[in-house]
Amino acid sequence: MQIIWRALATGLFVSYLPPLVFKYKKNTGAGFLGTLWGIPLVLCFPQDSMLYMVCMLAFWAVAVWVCKKVQFKGFTGHDNPKIVIDEMAGYITAMAFLPRTWPYLLAAFVLFRTLDTLKPWLVKTFDKMENAFGVVFDDVAAGLMSNILVQIFIIFVVNR
C-alpha cells in the first residue's frame with residue numbers, strides 16, 4: 001500500500017527525477033515539476049465554478065490524507081521534498097475561477113512558484129506546522145495569494 005501513497009505524493013514519482021540529474025543541489029526542482037503536474041489537472045477539472053470548488057476541496061482533503069499516510073525510508077521530517085501533491089493542490093487553488101488560457105495558466109504558475117518559494121507571512125505560518133495539514137496548506141495559501149493577485153489584475157487592468 002505504501003507504494004500507492006508514494007505514487008500519489010510524488011506526482012507518479014516525478015519528484016524522483018531531479019535528484020537523479022542534479023545530485024549535489026539542495027533545491028532540486030521537484031516542486032517545479034509538481035506544479036507542472038498541476039496544469040493538466042486544472043485542465044481536467046470541471047468548467048463550472050461550483051464543481052471546480054468541490055473538486056478542489058476534495059483534492060485538498062486527499063492531499064492531506066496522502067501526506068499523513070506516505071512514508072519515506074530514512075526521512076524523519078514532516079515535509080519531504082519528494083512530496084509534490086501539495087504543489088499540485090496549491091496550483092489548483094491558484095487557478096480557481098480564472099480563465100484557462102495560457103496567459104492565466106502561466107501567470108498563476110509564476111506567481112504561485114514565487115510565493116511558494118518566498119513564503120510570505122500566511123504561507124510561512126502554515127509551513128511552520130509540523131503535520132500533513134501544514135505540508136499542504138502552505139501551498140494552498142500561496143495558491144490563494146496568487147489567485148487574488150491575478151483576480152486584482154483582471155479587475156484593474158484587463159476589465160478597465
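**Exercise 1. Which side chain of opposite charge is nearest to E87, and how far away is it?**

Solution. The structure is a predicted model, and the reasoning begins with the position of the residue, since E87 belongs to helix α5, which spans residues 85–94. The next step is to look at burial and pairing together: E87 is buried yet takes part in no salt bridge, and the nearest side chain of opposite charge is that of R113, at 4.1 Å. A salt bridge requires a side-chain nitrogen of Lys or Arg within 4 Å of a carboxyl oxygen of Asp or Glu, so the distance of 4.1 Å between E87 and R113 does not qualify. The last step is to list the surroundings: once neighbours within four places in sequence are set aside, E87 is in contact with G31, G34, T35, F112, R113, D116 and D139.

**Exercise 2. Find the salt bridges of the whole structure, and determine how they are connected.**

Solution. A search of the whole structure gives three salt bridges, which can be taken one after another.

- Step one: the side chains of R113 and D116 form a salt bridge with an N to O distance of 3.0 Å. Because these two residues are three positions apart in helix α6, about one helical turn separates R113 from D116. Both D116 and R113 are buried.
- Step two: D116 also meets K119 in a salt bridge, here at 3.1 Å from N to O, and both D116 and K119 are buried.
- Step three: K119 in turn pairs with D138 through a salt bridge of 3.2 Å, N to O. This pair links distant parts of the chain, with K119 in the loop between α6 and α7 (121–127) and D138 in helix α8 (residues 132–158), 19 residues apart. K119 and D138 are both buried.

Putting the steps together, salt bridges with shared partners join R113, D116, K119 and D138 into one network. As general background, side chains of opposite charge can pair when their charged atoms come close.

**Exercise 3. Describe the packing of helix α3 against helix α6, beginning with the geometry and ending with the chemical character of the contact.**

Solution. The geometry comes first: the axes of α3 (residues 30–44) and α6 (residues 102–118) come within 11 Å and cross at roughly 145 degrees, and the crossing is right-handed. The participants come next, and they are G31, F32, T35, L36, I39, V42 and L43 on the α3 side, with W102, L105, F109, F112 and R113 on the α6 side. Sorting these residues by character gives nine nonpolar, two polar and one charged. R113, one of the α6 residues in this contact, is also a member of the salt-bridge network.

**Exercise 4. Which two residues other than glycine, F97 and K119, have what values of phi, and how accessible are they?**

Solution. Begin with F97, which is not a glycine and nevertheless has a positive phi of about 65 degrees. F97 sits in the loop between α5 and α6, and it counts as partly exposed because its relative accessibility is 45%. Turning to K119, its phi is likewise positive, near 55 degrees, in a residue other than glycine. K119 lies in the loop between α6 and α7, and it counts as buried because its relative accessibility is 18%.

**Exercise 5. Is T93 buried or exposed, and what does it touch?**

Solution. T93 has its place in helix α5. With a relative accessibility of 4%, T93 counts as buried. When residues up to four places away in sequence are not counted, T93 touches M56, W60, V140, G143, L144 and N147.

**Exercise 6. Place these details within the chain as a whole, and examine its first residue.**

Solution. The protein chain has eight helices and zero strands. Of its 160 residues, 44% are buried. Among contacts with a separation of 6 or more, residues 24 or more positions apart account for 71%. As for M1, it lies in the segment before α1 (2–9), and it counts as exposed because its relative accessibility is 63%. M1 and V70, although 69 residues apart in sequence, have C-alpha atoms 9.4 Å apart in space.

Terms used. Residues numbered from 1 in each chain as written. Predicted model: local features only at pLDDT ≥ 70, side-chain atom pairs only at ≥ 80, totals over all residues. Heavy atoms only, no water. Axes fitted to C-alpha atoms, helices over the stretch in contact; angles between N-to-C directions. Helix = DSSP H or I, 4+ residues; strand = E, 2+ residues; numbered from the N terminus. Left-handed = near helix turned anticlockwise from the far one by under 90°. Contact = heavy atoms within 4.5 Å. Nonpolar A, V, L, I, M, F, W, Y, C, P; charged D, E, K, R; others polar. Buried < 20%, exposed > 50% of the residue type's maximum accessible area, 1.4 Å probe, protein only. Lys, Arg positive; Asp, Glu negative; His and termini not counted.
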